[in-house]
Amino acid sequence: MNNLLLILLLVVSLGFSDGSEHTIQTSHQDQLVSDSLKVLEPKPEHSSETFVIINLLNRYHYRKATLNDSLSSVVFDNYFESLDPNKSYFMKGDLDYFEKYRYRIDNDLPEGNLDFAYQVFSIYRERSLDRIDYVHELLKTEPDFEQREYFETDREALPWPEDKIEQNDVWAKIIKNQALSYKLAGKEWKDIAEALGKRYKRVEKALYQYNSEDVYQAYMNALTSAYDPHTDYFSPIAKENFQIDMSLSLEGIGAQLTQQLDYTKVADIIPGGPAYKSQRLQKDDKIIGVAQGDDAEFVDVVGWRLDEVVQKIRGPKGSVVRLQVIKNDKDINALPDTIRLVRDKIKLEKSAAKAEVIPITEGNQTFSLGVINIPSFYLNFEEMNSGVKDYRSTTRDVKKLIDSLNQIGVDGLMIDLRYNGGGSLQEAIELTGLFIPKGPVVQVRNTDNSVDIMEDEDNGKVYYDGPLAVLTNRYSASASEIFSGAIQDYKRGIVVGENTFGKGTVQNLIDIGRYMRQSDVELGQLKMTLAKFYRVTGSSTQKLGVAPDIAFPSPYDDEIFGESGRPNALPWDEISSSNFKMTNQISPKMISKLEALYQNHLQEDKDLQDLVKEIEKAKELRKQTAVSLNLEERRLMQQEDEEVEDNLSTTLDQSELFTDENAKKLSEDPYLKEGLRLLAELSKIKVG
């Protein structure tokens, strides 16, 4: 992989010219943009920047796809979907008009021709402004909230509106749906109309403020996402926005935010912060409202600038902030969730691995079981490179925790990787090395098909050789999948919980300015997929993730949440197995015995039975994309949603290691409880 990057960074100038400015052709004569709107055109550097991006993608992207008619069609659909994901602005006639470009994009882009992108955006702005005018008309009259009608929030599979009459019907339901959220909060129509009016005034203002870079970024991301979902283009301003970190306030919720047109989106969750601990705010969620404390009203933040939203969410340690959030697996018109968070000071210590001892009684025997929770695979590169002797890392911290647990004496150890989205590859390898004698941990295949085998290099030392379990859920990804997959493949321990996310790809950031001669112009970045992870067996973690040995009930469907549900995700495949020697501490007979025990628990344990029922209820609710626009029906639906959310909460209140009682009772966490019961049985088998 290092050789590839070196080649990538040392590529000779490709002879990119500055390009020339293209004239935007007007579409329908009856669709001219208002004179008060600034006509947006590509910047002079966009032509040559596009040429660089296409060459980088064609030469170095892992997919090895060439921009052709097939990809051109995908880019076409991606662009319209990015601008109008709910099919509520464009009409069928617009799509029909632009259909002539569907198989021309692959010819236009290498030439730096961006006419299609700017023409489409021009019509998008006009249609959006027309819809805003209609919204203000709708808000003059209170809708009938007693009428029994329904709104389909997920319009992805529906056709584009045929005409304005059909479009008006869609928007009447959109506004009624949004108004109901305020109505359920006890608002009168006058206040509702005022609040929604302000929201769409902000959206209108944003439409007038969009610039050439905004259009270019949207179009380039329509291109990059045709290769895979983790390849992105960041415009110069987007590079800065992407770095806006809620933890910079020192006291906040612990989330990184980014901007997606009119919406504030969660880019990442900082392990150890309030958002991480809540386990309710996740990557790609959209924040549409912010309220201070438990009693203040929500402030609608749709159409706000990113820095303004950040200021609203920041606050002193111990204070409460409530967020209205559209979850990442729901359409923008779906019912928002309300998430209550207590702001805190974000410290490295809070994102570090923690341990505790939990006693579990099975039959007549009590087992003391150690649990190490690892929020992420972290490594302080700066301290390591500067020669700091005791720099922080996941593996170093876990070693210390294992030492402490061993001093007390534990019968088994569980590594809790739930909600661990990954981190340092080096740490995933070194952590695995604490539990296996020696050998490969992961294989990395590069874009040139070369394979790097990453090995445990601690000279055969095993730091812990007792009974071991790894607990995962659907949010365990990347480095978490490398560790859990290796433990499973070496037959070193059992993996229990939910199937992992399935992200088996590697990305690197590339500054486009390296390949252009325009030193006086600030250019963007390309985050591109350059490699793929494979387990020691040769099986990819991509899309499939790591399937647990004992699978617990999960509220997430693979086709909705996870890598396998993402458009254009790279496929699963396999390469040759590496040369590794299993420890065989786990046998098929042991797995069968544990599976039988788990099935018995499902029949006997009321907590598990209740959990299964709530999960099934949650899945059914997710399938119901048509929401009622009747006030009473909606109130009942809201109560049911809140009950399901409360019942599915599996947060374990983490405490410092070694309290006076030297243990603490399990809180309401059926997944951890069941995992520990199976680990206790595994300990019993090992003792026997």
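Helices and strands are named here as DSSP runs, numbered from the N terminus. The structure is a predicted model, and in that model Lys491 lies in the loop between helix 16 and strand 17 (494–497).

**Two residues with positive phi**

Most residues other than glycine have a negative phi. Lys491, by contrast, has a phi near 55°, which is a positive value in a residue other than glycine. A phi near 55° is also found for Asn584, again a positive value in a residue other than glycine, and Asn584 sits in the loop between strand 20 (550–551) and helix 17 (588–604). Because a relative accessible area over 50% counts as exposed and one under 20% as buried, Asn584, at 53%, is classed as exposed, whereas Lys491, at 32%, is classed as partly exposed.

| Residue | Phi | Relative accessible area |
|---|---|---|
| Lys491 | near 55° | 32% |
| Asn584 | near 55° | 53% |

**The nonpolar cores**

In soluble globular proteins, nonpolar side chains tend to be buried together. The largest nonpolar core of this model holds 81 residues, and the members that touch the most others are Tyr79, Phe116, Tyr219 and Leu223. Helix 6 (residues 115–138) gives the most to this core, contributing 11 residues. When residues up to four places away in sequence are left aside, Tyr219 touches Val75, Tyr79, Ile105, Leu109, Leu114, Phe116 and Ala117. Apart from the largest core lies another, of 41 residues, whose members include Ala353, Val357, Val398 and Val444.

**Helix 6**

Helix 6 is mostly covered, with 18 of its 24 residues buried. From its first C-alpha to its last, helix 6 reaches 35 Å, close to the 34 Å expected at 1.5 Å a residue.

**Helix 15 and its surroundings**

Helix 15 (residues 425–433) is likewise mostly covered, since 7 of its 9 residues fall under the 20% relative accessible area that defines buried. These buried residues are Leu425, Glu427, Ala428, Ile429, Leu431, Thr432 and Gly433, so that charged and polar side chains appear in the list beside nonpolar ones. The buried residues of helix 15 pack against two helices, helix 14 (394–408) and helix 16 (479–489), and against strand 14 (439–446), strand 15 (451–456) and strand 19 (525–534). At the start of helix 15, a side-chain oxygen of Ser424 comes to within 3.3 Å of the backbone nitrogen of Gln426.

Definitions and conventions:
Residues numbered from 1 in each chain as written. Predicted model: local features only at pLDDT ≥ 70, side-chain atom pairs only at ≥ 80, totals over all residues. Heavy atoms only, no water. Core = buried A, V, L, I, M, F, W, Y, C linked by side-chain atoms within 4.5 Å. Buried < 20%, exposed > 50% of the residue type's maximum accessible area, 1.4 Å probe, protein only. Helix = DSSP H or I, 4+ residues; strand = E, 2+ residues; numbered from the N terminus. Contact = heavy atoms within 4.5 Å. Expected span 1.5 Å × (residues − 1). Polar contact = N/O pair within 3.5 Å; in protein donor to acceptor, adjacent residues only side chain to side chain.
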